[in-house]
Each structure stands twice: as structure tokens, then as C-alpha cells.
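Colleague: I would be grateful for a close look at one part of this model, the packing of its helices, set in the context of the whole chain.

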Amino acid sequence: MRYIIYGKNLEVSEGLKKAVDDKFSKLEKFFKPDTEVQITLSVQKENQTVEATIPMKGTILRAEQTSTDMYVSIDMAVDVLERM
């Protein structure tokens, strides 16, 4: 899977990129290797949000999760996508 990571109101650090890669790699068994995942990490006051969009043929999978910790938001977004 290919990850396109955007930061909104924050600079995406190497640690966040590694966390996204580690957590979202659990989904690789469900998708083709050339699948593109668009991930937006954003901060607004105390809310830290992860939006993940996976465009597929005929449909779009999307998860959005918010918490006070970005790493927790990443975990929750992956959990939502796993259940789809």
C-alpha cells in the first residue's frame, strides 16, 4: 500500500509517519499492493483527528477518528477500517 500523508495545522514528523506505516500495514492483507491510502492528520485545539480515505473501484472507504492523542486516533481509524 502507498500512503499519502497530509498535515493540517501540524508538521508531520517522522514518528507520525512511522506510526501510520506500522498501524496501517495491518490492512495490507485486504488490499492490492498498489492501493493508495490518503491520510490527513489534523489538530484543532485539543482535538487530534485522523482521516483515512481509500478509493477503490466503485466505492470509497473512509474513517475519521478524533481523540486528544494522535497515536490513539491512528489506532482507532485502523480499527474502524478493519471492521468494514
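Modeller: A residue is called exposed when its relative accessible area is over 50%, and buried when that area is under 20%. By this cut-off K45, at 81% relative accessibility, counts as exposed. The model is a predicted one, and K45 belongs to the loop between strand 2 and strand 3 (47-56). Although K45 is not a glycine, its phi is positive, at about 55°.

The helix packing is best placed within the overall fold. The protein has two helices and four strands, and from the N terminus these elements follow the order β-α-β-β-β-α. Its radius of gyration is 12 Å, close to the 12 Å that the globule rule gives for 84 residues, so the protein is as compact as a globular protein of that length. The C-alpha trace spans about 35 × 25 × 20 Å along the principal axes. Of the 84 residues, 36% are buried. Among contacts between residues at least 6 apart in sequence, 47% join residues at least 24 apart.

I turn now to the helices themselves. Helix 1 (residues 14-24) packs with helix 2 (residues 70-83) at an angle of about 25°, and their axes are 10 Å apart. Angles under 35 degrees count as roughly parallel, and helix 1 and helix 2 are therefore roughly parallel to each other. Their crossing is right-handed. On the side of helix 1 the contact is made by G15, L16, A19, V20, K23 and F24, while helix 2 contributes M70, Y71, I74, D75, V78 and L81. By class, this contact has nine nonpolar, one polar and two charged residues.

A residue of strand 2 (residues 36-44), L41, touches members of both helices. Not counting residues up to four places away in sequence, the contacts of L41 include L16 and M70, and these two residues also take part in the contact between helix 1 and helix 2. Other residues touched by L41 are I5, Y6, G7, K8, L10, V12, T49 and V50. With 0% relative accessibility, L41 counts as buried.

The C-alpha atoms of L41 and N9 are separated by 8.5 Å, although the two residues are 32 apart along the chain. N9 is placed in the loop between strand 1 (2-8) and helix 1. At 64% relative accessibility, N9 counts as exposed. Phi of N9 is near 65°, a positive value in a residue other than glycine.

Definitions and conventions: Residues are numbered from 1 along each chain as its sequence is written. This is a predicted model: local features need pLDDT of at least 70, side-chain atom pairs count only at pLDDT 80 or more; totals for chains, interfaces and linings use all residues. Side-chain values use heavy atoms; hydrogens and water are left out. Axes are lines fitted to C-alpha atoms, for helices over the stretch in contact, and angles run from 0 to 180 degrees between N-to-C directions. Angles under 35 degrees count as roughly parallel, over 145 as roughly antiparallel, 65 to 115 as roughly perpendicular and the rest as oblique. A crossing is left-handed if the near helix is turned anticlockwise from the far one by less than a right angle, and right-handed if clockwise. Contact means heavy atoms within 4.5 Å. Ala, Val, Leu, Ile, Met, Phe, Trp, Tyr, Cys and Pro count as nonpolar, Asp, Glu, Lys and Arg as charged, and the others, Gly among them, as polar. The radius of gyration is taken over C-alpha atoms; the globule rule is 2.2 Å times the number of residues to the power 0.38. Buried means under 20% relative accessible area, exposed over 50%, partly exposed in between (1.4 Å probe, protein chains only).
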